[in-house]
Amino acid sequence: MISFIVPIHGWNAITEKCVQQIHKQLGKNELLLVADQCELPPLDKVRVVQTKKRSYAAGSRNLGANMAKHDIFVFIDSDVLVPNNFVA
């Protein structure tokens, strides 16, 4: 199974759409959002990890990889909209 890791530095309309696109394709995979010193709205079936200090994209990805439940990681930036058949 796959852990999708998305570092987030601020919640906006594009970030919300990114998360929605991944979420609707999850199946048994995991969606892990790494909130880098920002607040996120409540989300169903999504793991949220909060950084303890500002870690930027690389540090957030590393934290997500360390916290992930599965062995395969897919890192997606929060401004990327994945296609509908991304998880096949």
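**Exercise 1. Work out what share of the chain is buried.**

Solution. Start with the cut-offs: a residue is buried under 20% relative accessible area, exposed over 50% and partly exposed in between (1.4 Å probe, protein chains only). By that count, 39% of the 88 residues in the chain are buried. Before going on, keep in mind that this is a predicted model, where local features need pLDDT of at least 70, side-chain atom pairs count only at pLDDT 80 or more, and totals for chains, interfaces and linings use all residues. Residues are numbered from 1 along each chain as its sequence is written, and side-chain values use heavy atoms, with hydrogens and water left out.

**Exercise 2. List the elements of the chain in order, then look at how compact the chain is.**

Solution. Helices (H or I, at least four residues) and strands (E, at least two) are DSSP runs, numbered from the N terminus. Count them up and you get 2 helices and 4 strands. Reading from the N terminus, the order is β-α-β-β-α-β. The radius of gyration is 12 Å, close to the 12 Å from the globule rule for 88 residues, so the chain is as compact as a globular protein of that length. (That radius is taken over C-alpha atoms, and the rule is 2.2 Å times the number of residues to the power 0.38.) Along the principal axes, the C-alpha atoms fill a box of roughly 35 × 30 × 20 Å.

**Exercise 3. Place L32 and find what it touches.**

Solution. First, find L32 in strand 2, residues 30-35. Next, check its cover: with a relative accessible area of 0%, L32 is buried. Now for contacts, meaning heavy atoms within 4.5 Å. Skipping residues up to four places away in sequence, L32 touches F4, I5, V6, R47, V49, G64, M67 and A68. For a distance check, take S55: it sits 23 residues from L32 in sequence and 16 Å away in space, C-alpha to C-alpha.

**Exercise 4. Do the same for T51, and find a polar atom pair.**

Solution. T51 is in the loop between strand 3 (47-50) and helix 2 (56-67). Loop or not, T51 counts as buried because its relative accessibility is 6%. Leaving out neighbours within four places in sequence, T51 is in contact with V34, A35, D36, Q37, S60 and L63. Last step: a polar atom of the T51 side chain lies 3.3 Å from the backbone oxygen of K53.

Terms used. A polar contact is a pair of N or O atoms within 3.5 Å; within protein, one must be able to donate a hydrogen and the other to accept it, and residues adjacent in sequence count only if both atoms are side-chain atoms.
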